[in-house]
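Ready for a little practice in reading a protein model? Grab a pencil and try each task before you look at its solution.

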Amino acid sequence: MSQVIVVTGASSGFGNMSAKALAKAGHIVYAGMRDPSPSNASVQDIESFVEKEKVDMRPVALNVISEESLTNGIDKVLKEAGKIDVLIHNAGHMSFGPSEAFTPEQLMSEYDVNCVGTHRLNRVMLPHMRKAGKGLLVWVGSSSARGGVPPYLGPYLAAKAGMDALAVCYAGELTLWGIETSIIVPGA
């Protein structure tokens, strides 16, 4: 049965690969990204993929650091598709360098994208899933946040560890509403 799936951070990397695989499996996939304008190379790639594979994959503006972008993007998906079955929290930003070299503002920026952005999107999305009485949240973390931390990724891994803890808390809170949680931790 075809599902309506929203993937954040789908302009490249895991998000793009996941969105394409899910579309090929017959789902309606909304590929969330900061800039879904037609001149964006990622949008052009998606359009080419859709034409070649004859799938239903649509770019949508979902900037995880903008509540307005998230509200407008989710409203657009719901207007077009009528529901959202699965939300994949994949958007992220990785910075390299010695941890002490990052300013507090740069550290906060890592948390904003990698952790707070998931919470921001949940606040927009979850009322719709609760109303439906079902849904699935998939959180894409990092296995390095669970130990064996490589050097020069401190702010990124701290933010991903925060996201992982938040995902675990959400899982316990949402199960009563019929909303399931999966946490994926890919490794290097």
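Below are three exercises on this predicted model, each with a worked solution.

**Exercise 1. Find out which element gives the most residues to the largest nonpolar core.**

Solution. Begin with the core itself: it has 27 residues, and I74, I84, M129 and L137 touch the most other members. Next, list the elements that give two or more residues to it: β1 (4-7), α3 (67-81), α4 (104-132), β5 (135-140) and α5 (154-174). Among these, α4 gives the most, with seven residues. A second core, of 17 residues, lies apart from this one and includes V43, I46, F49 and V138.

**Exercise 2. Name the residues in contact with I74, leaving aside its neighbours within four places in sequence.**

Solution. Set those sequence neighbours aside, and the contacts of I74 are L62, I84, L121, V124, M125 and H128. One of these partners, I84, is also among the core members that touch the most others.

**Exercise 3. Locate the salt bridge of K20 and decide whether each partner is buried or partly exposed.**

Solution. First find the partner: K20 pairs with D45, and their closest N and O atoms are 2.7 Å apart. Then place both residues: K20 sits in helix α1 (residues 13-24) and D45 in helix α2 (residues 41-53), 25 residues apart. Now compare with the cut-off: buried means under 20% relative accessible area. K20 has 18%, so K20 is buried. D45 has 33%, so D45 is partly exposed.

Technical notes
Residues numbered from 1 in each chain as written. Predicted model: local features only at pLDDT ≥ 70, side-chain atom pairs only at ≥ 80, totals over all residues. Heavy atoms only, no water. Core = buried A, V, L, I, M, F, W, Y, C linked by side-chain atoms within 4.5 Å. Buried < 20%, exposed > 50% of the residue type's maximum accessible area, 1.4 Å probe, protein only. Helix = DSSP H or I, 4+ residues; strand = E, 2+ residues; numbered from the N terminus. Contact = heavy atoms within 4.5 Å. Salt bridge = Lys/Arg side-chain N within 4 Å of Asp/Glu carboxyl O.
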